[in-house]
Amino acid sequence: MPVVSNQANDIDVDLGRLFSSLARNWLRILLVALCITGLAFLLAWLATPLYRAETRILIETRESPLTRGNAPADADRPILDAEGVASQVQVISSTDILKKVATDLNLGSRKEFDPSIDMSLPKRMLVSTGLMRDPKDVPADERVLSTFREKLKVYNVERSRVIVIEFSSEDPALAAAIPNKIAEAYLGVQQVAKQQSNTDATQWLQPEIANLSDRVKEAEGKVAAYRSQSDLLIGQNNSVLATQQLSELSSELSRVRANRSAAEANAESLRSTIRAGASLDSAPEVLSSPLIQRLREREVELKAQIADLSVTLLGNHPRLRALNSQLNDLEGQIRSEARKVLSGLETEAKTAAAREASLQRDLDALKQVSARADDQGVELRSLEREAAAQRELLESYLSRYREAMSRGEGNYLPADARIFSRAVAPVEPYFPKILPITIAAFLASLLIMAIITLLQELFSGRAMRRAGQGFYDVDELAMPAAMRVASPVEEPELVEERTGTLTVERAAARLIADNAKRAIFVSPEGDEAAAASVMVAREIADSGQRVLLLDLTSAGVASHPMLDGQQRPGITNLLAAEAQFTDVIHADFYSDCHVIPVGTADPETAMRAADRLPIIMRSLASAYDLVVVECGPTDPEGIARLLGEDTQIALALIDPADEAVVASTEAFAQAGHDDMLLVSPVGATAGRNGVQRSAA
């Protein structure tokens, strides 16, 4: 089965007819576009050309390392951050700089900058009538500055320290001269500011230096006075004399103690040797004596002579006895001299002990003096630190003062910015660009005219159609053989003449003419005749009215083909309180009609709430122009709850002679419904949307 659309709105836009209006009106669109393009070309041709030039300034440190005094290690880093560069943009566009440039270039004498000069006749008329403010009411400087600011653009290049000064003017030479002049004026202002800062620093340093000089003298005087009062005399190696003497005395005491100990040890050793009667040759002190050494030499000579004479002479020889006597006397002399050496060592030890005691007393006295000197040295060093700090600050101020004086006298105060790209007179104007303006005007006018044409077609209604038009054909449901008793040409008329029944089209026209709000269809012959209610509902919906079909048949034969065989919530669900109106109302797949199917709830449960049908019918009748109810084969009592004001009962039939049709007609006539419409789907033709009314 071909694809079909589901239309729930009343109207649709016919896109083919909408866009075909562009082809029908192409000549008008083109002519208007050409007129607008010609006007844009003429305006661009007659417009005053404007020229634009720009000067670029780089914010950087201009101070040379050779002239920068005592600069820190990071002095070459940029002096301004992003916020600082943005601030310089505001400085460049400040009123003072702009006024200076305007005065230097005499911009107030130019018509471009002063609108009060040589006003045109239309402007004068507007001023005289009060529709335009007289430019002369504003001071001349303000008029020039206002125009100046409109033509000037100063901005910072993103993520850089480059500032661009851009200016537009009717005069190309002026367009280049003004940004250059603004840049020079800015550098001049920067230099003047640095000079003023240098002058202020010099004026501040001068009295500070004089004050510091007095304070340095006072601090150094305190140091000298305290040193003289405390006897903190400075010796060698820049140390206090008492401390130095204490060190020397300690060294001397150590030496004297060593000598005493050595003398006592030597005396004790020699004393032990003499007392024991041992040989004195092992005593170093004895051997070191010159006299003892000569005696030892004489002893050696005597022993040698005795040895020589003993070879030829006997022991009692006088000569030998004389030599032996001399040898014995010589030994006594050696021991006597040894005792003298011992006495000398003992005297030396006593002298060293006395010297040690004297040095110890002097050392104790110097310790006390040194302790007092240390305490006084703490205060002295404090005074010296204060004097040194004052002296360093004075020297720093003097250095800065001399540097500031030299800079001021030499006029060396470079601004922290430089012009690295000067503006040059532009050759071509940036406005107007005749060719781009003409092309843009042509394309824009074409687009605008196309939109206007489409809107006209849309609002006129010519591009609108009822929703559902143009559906594809669907499979047809075969009608009973009784539906085809006449030829296609004469069948509708024959049916109406012979049986008094109405065709679907005439039944729909009758219901519209009678302004019926409800149409109750009864189908005595069963499911096949129920097609009449569906066809009538679709026919009336195609005429533009809001129509709803309520299927009350047991098998849902009326709504089933309208929903393409789908099972959806319907009247049983609404009666059983399982759904709301928005859940049970669906769109017909093949027309603008709405439908409430039988539903999916339990029929017995739904029928217990059958008393709600009048309320439901009233609600539906208030929302729709017509409510068509397909009841199937029923009697007058079965439709009692569905009746109301402006209700029309219709009997759907296929064969007028059928016994069920005749019996139903008589039953409704006896119940007082003798004005029933007899409607037959036999011979129904294609509807306005092209869908066959016998379609499922």
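# Bridges, crossings and rings

Author: Let's start with a bridge: threonine 55 has isoleucine 165 in S4 as its bridge partner. Keep in mind that this is a predicted model.

Reader: What makes S2 and S4 a pair?

Author: The cut-off is at least two bridges. Strand S2 (residues 51-59) and strand S4 (residues 162-169) have eight bridges, in the antiparallel sense, so they count as paired.

Reader: Which sheet do S2 and S4 belong to, and what is its strand order?

Author: They sit in an open sheet of four strands, ordered S3-S4-S2-S5, with antiparallel pairing.

Reader: What makes S3 and S5 the edge strands there?

Author: Strand S3 (152-156) and strand S5 (417-421) each pair on one side only. As for twist, neighbouring strands of this sheet are turned by 25° against each other on average, ignoring direction.

Reader: Which helix lies across those strands?

Author: That's helix H7 (residues 172-229), which lies across S2, S3, S4 and S5 and runs at about 20° to S2.

Reader: H7 also packs with H4. Why is H4 called oblique to H7?

Author: Helix H4 (residues 95-104) packs against H7 at an angle of about 125°, and their axes are 10 Å apart. Roughly perpendicular covers 65 to 115 degrees and roughly antiparallel starts over 145. An angle of about 125° fits neither, so oblique is what's left. The crossing of H4 past H7 is right-handed.

Reader: Which residues make that contact, and how many are nonpolar, polar or charged?

Author: From H4 there are Ile97, Leu98, Val101 and Asp104, and they meet Ile178, Lys181, Ile182, Ala185, Tyr186 and Val189 of H7. Sorted by class, the contact has eight nonpolar, no polar and two charged residues. Tyr186 is in the contact, and Tyr counts as nonpolar here.

Reader: Why is H14 called oblique to H15?

Author: Helix H14 (residues 504-513) and helix H15 (residues 531-542) have axes that come within 9 Å and cross at roughly 60°. Roughly parallel needs an angle under 35 degrees, and roughly perpendicular begins at 65. The angle of roughly 60° falls in neither range, so H14 is oblique to H15. This crossing is right-handed.

Reader: Which residues do H14 and H15 bring to it?

Author: H14 brings Val504, Glu505, Ala507, Ala508, Leu511 and Ile512, while H15 brings Met535, Val536, Glu539 and Ile540. That contact has eight nonpolar, no polar and two charged residues.

Reader: H14 lies across strands too. Which ones?

Author: Strand S7 (518-522), strand S11 (626-630), S12 and S13, with H14 running at about 150° to S13. Those strands belong to an open sheet of seven, in the order S9-S10-S8-S11-S7-S12-S13, with mixed pairing.

Reader: What makes S9 and S13 edges of this sheet?

Author: Strand S9 (586-587) and strand S13 (677-679) have a single partner strand each, so one side of each lacks a neighbour in the sheet.

Reader: How do you know that S12 and S13 pair?

Author: Strand S12 (residues 647-652) and S13 run parallel and are joined by three bridges; at least two are needed, so they pair. At one of these, alanine 652 has valine 679 in S13 as its bridge partner.

Reader: How many aromatic pairs does the whole structure have?

Author: The search finds six.

Reader: What makes phenylalanine 113 and phenylalanine 148 a pair, and of which kind?

Author: Their ring centres are 6.2 Å apart, against a limit of 6.5 Å. Their planes stand at 75° and the cut-off is over 60 degrees, so the pair is edge-to-face.

Technical notes: Residues numbered from 1 in each chain as written. Predicted model: local features only at pLDDT ≥ 70, side-chain atom pairs only at ≥ 80, totals over all residues. Heavy atoms only, no water. Helix = DSSP H or I, 4+ residues; strand = E, 2+ residues; numbered from the N terminus. Axes fitted to C-alpha atoms, helices over the stretch in contact; angles between N-to-C directions. Contact = heavy atoms within 4.5 Å. Left-handed = near helix turned anticlockwise from the far one by under 90°. Phe/Tyr/Trp six-rings, centres within 6.5 Å; stacked < 30°, edge-to-face > 60°.
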